[in-house]
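Colleague: Before we discuss this model, I would like one careful walk through a single part of it, set against the chain to which that part belongs. Please give each cut-off as you come to it.

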Amino acid sequence: MKNINNLKYYFIILVLLVASCNLDEEVDPNRPTLSSVPVDATAATLNNLVAGTLSNMLTNYVTYIDAVGIAGREHYRFSPADPRFVGDLLTGNLDNNAFYTTNSYTERYQVVRNAEILIDAATNSPFIADSAIAGYIGLAQTIQAHELLIALNQQGENGIRVDVADFENLGPFVSEDEALAAISTLLQDGFTNLSNAGEGFLFTLTASTTSGFIGLNTPETFGQFNRALAARVFVYRELWEQAITAVSQSFQSSNIPLEFGAYYDFEQGAGLLQNQLFIAPNSSGDIRLVHPDFLNDAEANDARVERFTQIRDSPVTNTNLTGTHDITRYSSLNDNIPIITNEELTLILAEASIQTGDFTTAVSALNEIRQESGGLGEFSGPTDNEAPLIDEMLNQRRYSLYFLGHRWVDLRRYNRLSTDIPIDRAGDTAYDRFPRPLQEEIADGTN
Amino acid sequence: MKYINILIISLLLFSVNGFAQSLTVKGKVTDPATGDPLTGVNVIEKGTVNGTITDIEGNYQISLKNAENAVLVYSFIGYITQEIDVNGQSVINPELSSDVLNLEEVVVTGLATNVKRSNLANAVSTVSSEKLTGTTSPQTLDKALYGKLTGANIVANSGAPGGGISIKLRGISTLGGGSSEPLYIIDGVYIDNSAISNGSNTATAASAGGSVISSTQDNPSNRIADLNPDDIASVEILKGASASAIYGARANAGVVIITTKKGSDGKTKISYSQDLGFASILNPLGTRAVSHDNAFDVGGAGAVEAFDNALVNNSLVNYEDELYGNVGFITRSNLSASGGDDKTKFFTSISYDDEDGIVDGTGFDRFSARLNVDHRVSKVFDFGVNANYIQSSAQRSITNNDNSGVSIGISLINTTPWDNLFPDADGIFPNGPSGSNFLQTVALSTVNEETDRFVLGGNLNINFFNKEDSYLQAKLQAGLDAYTTETTLFFPEILQFQQAGPTATNGLFSRGDNTIFNYNLSAFLVYGSKISDFDLTTSVGITRLDFNQNRTTTQAQNLVSGTSNLSQATNLSTFDAELESVDVGYVIQQELNYLDRIILTGGVRADQSTLIGDEDELFFFPKGSAAFNLHNFDFWNVPIIDKLKVRFAYGEAGGIPVPNLVTLNQPQFTGFAGSNISGSTGSLISNTLGDPNIEPERSREIETGFDLAAFDNKLSFTATYYRKTVDDLILTANQPTSSGFSFIQTNAGELRNEGVELSLTAIPIQNKNINWEVTTNWWFNNPEVTRLDVDPFTTGAFASFLGIFRIQEGQSPTEIVGPIPGSDGDVPLGDATPDFEWSIYNKVTFFQDFEFSMLWHWAEGQENIQLTNLLSDFGGTSPDFDADNDGNGVSNGDQRVGAFFAGNDASVFVEDASYVKLREISLYYTLPSAWVDSFSKGTIERIKVGVSGNNLVLFTDYTGYDPEVSNFGNNGVSVGVDVAPFPSSRRAFFHLKIDF
C-alpha cells in the first residue's frame, strides 16, 4: 500500500506539470501584425512600411484609369468577361458596389491606412533621430494626400472622408471643397516635415533602376514632388497664385524633359504588379480602344496621337461602339505610369497663369508643350484673351495627359461635361461623379 | 457506472476463485439464434463480487455465497444481459440473445468514463464495425458513415478517389469562423483532418486569378481518409453540445470518437480478407446531340464542315467516355491477428488498398499497419498502446473551377465530338480547340499527394484502490498524430496550357511539404463510490492539445525541358504558412446512478487556447443531463414494453476561432502582407481587421427524447428533439472602406438548428433459418440565423447572379439567393439544407450461412448551385442544351447563357438536388464448416465469400454528375456548388474472408 500512496504523489506532480504550462502570448507565426509593428519600430520595419505604402498605390490604379477614362470618353474597353465597361460606364447607370466604384477607392484608403501606421510607428520609434522621423512622416503625408485626391476625383461632389486616422472613429464625409482644402493642408504638413528631414531619408526609394522616384528620392526633391501635387490641388481649388508658387517650388522646369516626374513602378515578377494598361496592339478579347473623338478632334500631325495610338489591322465593334485604334501609350507590362510629370506641371503653370492674367507665361508654357510634346507649331489663336487660351490649355491637357485620368476631371472643373462629352449611343450619358461605395453608405447610416 | 464496477469486479475474479458455500449452480450458456455455446460469459451472483466465466464449451459452475434469494447475472459483450432467480435450481442453461439493439453497448461519454447505452441521456449514434465495413468496402472512414446515423448531413465534395467529405452534425455550427467539421478522436488521439491544397491554383487560376498558390478550390482530400476503416471497432458520434460539452472549445461541430479493435483472451484469431473490385462512372451525362443542322450552333464557323467530315470518317468521339470511361481496378487486402491472455491482449493488422479512378492515372492507395496492445501489469497498473503507421497517396487530377482552360472537366465540356484530341503516331497531342487538350493533360501531368503518418496513443491506468464500495483510479493518456503530406504537381512544358493561355509558364513543377505535428495529453482521476442505492462517479482532469502545422509549397516555372526539379527553372515562388496552438482544458464531472433508474450527470469544462484573443481567459462549458429508466421502477408494469427511458440533456461547447484554411492566418490578428516595389521589400496592412478580443463560438443545446424497447427487445425506437443555438458566431463583416479595412472578423451573430431524429430498429423474424434485422433512420434539421449584428451578406459562391448563399437574420444560413427577372434585388431560390434525410438498412441472414444486406439513403429537398451546365453551354455541349424544360420557347442552353449575360436570373442555376442512393448492398455466404474443416484439416475456421456494391444506384432529377458535390471543399456554408467536378463512381466488389 505504501507504494501506491507514493504513486499518488507522482500523479499529482504529473497533473501539475501539465497544468503549469502557462500559455504564452500568441504571436502570429506568419506575418508582422498591427499589434507588433507600431511598437518600438526599427528603421527596417519603417522602411518595409514605406515600400508597402508605395506598392499599394499601384493596386487597382488601372481600374481608376478605366473608370475615369471611359467616363471622360478617352477610351473604350471591350471585355468579354465584363459587359459593364460598355454598359454602366457609358450609360451612367452606375452601381455603388461595382468594381469601378469600389476597387480603387478601397485601395486608396488602404494606402492611407498603411501610411498612417507608418506615421504612428515612426513617431513612437525610440531608435531614430527626429529628422529621420520627419522624413517618414513627410513621405507618408504626401502619399496620403495623393491617395485621398484620387479617391475624391472619382467621388466629385459626393465628397469623401478625410479624417480617417482613427479607424474605429472615422470622421464625417466632407464636401469636395472641404476635402480639397484638407488635402492641401496635409500636403503642406508633409512639406514642412520634409523640410525638417535633413539631407537624406533612412529609406531608399530607388533600390531598382525602374523606380518611380528617380531624382525625387531625397527630402528636398521629394518635397518638390509634394509641391507638384500641391500645385495640382491648388488649380482644382482655383487658388491660382498658390498654384504658381507651388509650381515654382516643384521640379517644374523648361530645362528638363517633360517626362521627368514621379511614376508608379510597374514590373513583371513574383509579387509585383504589371502595367495592365498595356495590351498588345491588335489583340482580341479583352481590349482597350481609342475613343474616335480623340482622333477626330486632334490637330493634324500631332505627335502625341502618333505616340499614344496605333491603327488596328481591323476595327472592332461592340454594342454599337466601334474603335479603330489601339492605345499605345505603354509598350510593355513593365512600363511605369506617371503620377505627376513636368509636362502636367507646365500645363498647370499655363492654366494658373491664364487665370491670373499672365498670358505671356501661359502662352510660352503652352507653346513648349505644343512643340516638345506635340511636335506642333506655336499656338496660332488669340493670345490676349482668356477664353481661347483656356480652350487651348484644356486641349493641350487632353492630348498631353491622354489616358492618365485627367480629361473627365478637367471637363468637370470647367463645367464642360454636358457639352464636351460625346454621347455615342442613345441612352449613354455624361455624369460627374461615381456613387459613394455601398460599404461607406452602410457605415454612414444613409442606406 | 455500474458496468464499470462489474468490469472491475470481474477482473478481480480472475484471481479470486471460489468461496466454499452451500449451493453450486452449473449450466451451459448458448446463443439461441445459432445454438452455439458462448465462451467467456460473465456469470455473477448479483450484489456480490462472486462470479465466474464460461469455458470454451459454454459451461460454468458457480458456488453461491448466499443461496437464498440468489440472482445470477449473465453478461457478455454483444449480448443482452440476463438475470435469473436461482430459486434453488442447481442447473441453469440460459440463452443469451444477441444485442442487436445495442442496449448493452458501452458508450464513451466523459473523457475518462463510460456509460452503458441504456443509461445514456443523449442520443449518441454508434456505428459498429459490422455496420461500418461489414457490408461493402468503403474507401475511407467518412464515406462509410453515410446513412448510418441520424442527424448527420454527409456530402462528398467530388468523386475523386481518396476522401474529400464534409460531415455536418445537426446542421452547420459555424459560418466559417469555427471548425465546420467534427472533432475526430481515435483511441484518445486527436486526429488532424486538414485538407491541404496542392497548389494547382497557379495553373487553374480558380482563385484570385492564379496569383496565389494555395486555394480551397483544388479539391484536396481531407486527412481522415488515412484511417483504415477495417481497424475500427466502433464509431461514436456526439452530435451536439449537450453530448460533447466535456470536449470543450473544439466540440461545437460534434465529436467523432473512434475506437479501434482490441484483442481478447483465448485463442489467437487470424483473419485474412481480400476484396477485388471495380469502379466505373456512376452517372454519365452524355453530351448534346449533334447533327449537320446544329453543328454551327455548337461550334460556330467551320463546325458544320468538321461535323460532316467526322461523320463520313466515322470519327465522332464520345469524349466523356474517353475521359471518364476508365474502369478502375480495386484491390483491398487485410490481414489481422488478435488474441492474448488474461494479462496481455493484442490486435494487429496490415492492410493495403489500391484503387484506380475512372480517369486514367487517378487513384488512391493506402498502406496501414497497426498494433494495439493492452497489458495488465498488476492489480494496480494497466496500460495500452495503439500504434498506427499509414502511407497513403492519391492522384486526383485537376477538376473543379478553373479560369484558364486547364481543369479537365472544363476542357471536356468545351470539346465537341468532331474535335480530334488524340495523339498522332509520334505521340504528339494536337491542341484542343477550347481549353487545353485534356487527354494530353491526363496523360502527361502529375498530380499527386502522398502522406506518411504515425498515430500513436498510449494510456496508463492506475488503480489506487478498488474496494467493494469505492475505487480510485488515475487515467493518463497521451496521443500523437504526426504526418507529412507531400504534394507534387508536374505540368511539363509541352502541355498545351503551359505553351499558351493565361497561366502558361512553359512548364510548372510544384512541391509541397506539409508537416503536421499534433499531440495531446490528459490526466484524470476517477473516484467511484456506492452509497446505499446510489453509485457515484466523480472525475476531474486536465487536458492539453498542441497542434502544429508547417505548410510550404514551392513552385518552379519555365522549366528546363523535360525536367521536374525545382532548381531547373527560372522562376520560383513559394507559399509558406505556419500554425502553432496550445489548448488547455480543465474538467470536472459528477455522475450519479440510482439503481439504473435515474442517472444524473453534471459537469463543466474550462478551456483556454492560444487561438483565442485572450489566451489566459478561461471559457466555461457546463453540461447537465438526466435519464430516467422508467422500466426499472417498481411501478412499471407494461408487459409489451421492455424498456422505456426518457432523457434530457443540456450542454455548451465551443467553436475555437480557426485559422484560415489556406493561409493559416488567425482571426485574432491584423497582419501585414508582403508587398514589394522597386526592389524594396514592403509590408502592407491586411484589408481584414482581426479582433484581438476574439472569443470562441458557443453552442448551447438542449436535447430531449425517449428510447423504447419492446416485444422481447425485438424492436427499439428512439426519438430525439434538439435545439442548438450557436452564439458569438465569428463573421467577416464589412467595414467602411475609408477605414483602410474592408472586412472585420468578429463575434457577431447567432444561429439556431432545430431538428428531430427518429430511429427504429426491429427484428421482425428471428429463428434458426431466418434472421431479419431492419433499421430505419429519419431526421431533419431546420437552421435559422437568429441574430446578425452585421449587415446581411452573401458568401460561399461566385456572384449573386449565379446564385449565392445569403446570411440574413430570420433566414436559413444555407439559403441560396439570386435575382430573377423583374425582382428588386436578390430573392430566395433554394436552400442547401435537405428537408429531411431517410435511410433504411436491412440485413437478412438465412440458413445461417447466407447474409444479405442493403442500405438505402434518401436526401430530400436540398438545392445546389449548378454551374457545370452553364459552362457546358458556353462550350455548346450541354446534354440538355436544346431541350426547353420550362416550355417558354427558349432552349435551356440559350436561356442559361442569356441569364448569365443579362445577370438577371439566377433561378436557372439553382437546382433541386434530392436523391436516393443505394449506398451499400451485399450478399455473403459462409462455406459449410464441416467442409472447410475437412478441406483444411482444421486449420481454417471459417471461409466467407461475398459480393457487394457501393453507390450502385442513384435516383435523382439533378442534371449534374452527382447531387453530392462541393467546389469549395469543406466549408461552413458553401456546399453544393457544382463546377465541373470529378464525377462520382459506383464500386462493385468480390470478397473473400478467411478466419484461421
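Colleague: What percentage of the 996 residues in chain B do buried residues make up? And, as the close look, which side chains along strand 42 (residues 836-846) of chain B point to one face and which to the other?

Modeller: This is a predicted model, in which local features need pLDDT of at least 70 and side-chain atom pairs count only at pLDDT 80 or more, while totals for chains, interfaces and linings use all residues. Residues are numbered from 1 along each chain as its sequence is written, with chains lettered from A and ligands numbered from 1 in the order in which they are written.

To take the chain as a whole, buried residues make up 54% of the 996 residues in chain B, where buried means that 20 or more other C-beta atoms, placed from the backbone, lie within 10 Å of a residue's own. Chain B has 13 helices and 49 strands, these being DSSP runs numbered from the N terminus (H or I, at least four residues, for helices; E, at least two, for strands). Its radius of gyration is 30 Å, close to the 30 Å of the globule rule for 996 residues, so chain B is as compact as a globular protein of that length; the radius is taken over C-alpha atoms, and the rule is 2.2 Å times the number of residues to the power 0.38. The C-alpha trace spans about 105 × 70 × 60 Å along the principal axes of chain B. Of the contacts in chain B with a separation of 6 or more, 69% come from residues 24 or more positions apart, a contact being two residues whose C-beta atoms, placed from the backbone, lie within 7 Å.

Now to the strand itself. In a regular strand the side chains alternate between the two faces of the sheet. Strand 42 of chain B shows such an alternation: Glu837(B), Ser839(B), Tyr841(B), Lys843(B) and Thr845(B) point to one face and are buried, whereas Phe836(B), Trp838(B), Ile840(B), Asn842(B), Val844(B) and Phe846(B) point to the other and are not.

Next come its partners, where two strands pair if DSSP finds at least two bridges between them. Ten bridges link strand 42 of chain B with strand 37 (residues 770-788) of chain B in the antiparallel sense, and within that pairing Thr845(B) is the bridge partner of Asn771(B). Strand 43 (residues 850-860) of chain B also runs antiparallel to strand 42 of chain B and is joined to it by eleven bridges, with Trp858(B) of strand 43 standing opposite Trp838(B). Strands 42 and 43 of chain B form a hairpin with three residues between them, in which Phe847(B) takes a positive phi near 50 degrees.

For comparison, chain B also contains an open sheet of four strands in the order 38-39-40-41, with antiparallel pairing. Strand 38 (793-795) and strand 41 (827-831) of chain B stand at its edges, each with a single partner strand, so one side of each has no neighbour in the sheet. Strand 38 of chain B is joined by three bridges to strand 39 (residues 804-807) of chain B, the two running antiparallel, and Arg806(B) in strand 39 is the bridge partner of Thr794(B).

Finally, chain B meets chain A: 54 residues of chain B are in contact with 59 residues of chain A. On the chain A side, the largest share, nine residues, comes from helix 5 of chain A.

Technical notes:
A residue is buried if 20 or more other C-beta atoms lie within 10 Å of its own, exposed if 12 or fewer, and partly exposed in between; C-beta atoms are placed from the backbone.
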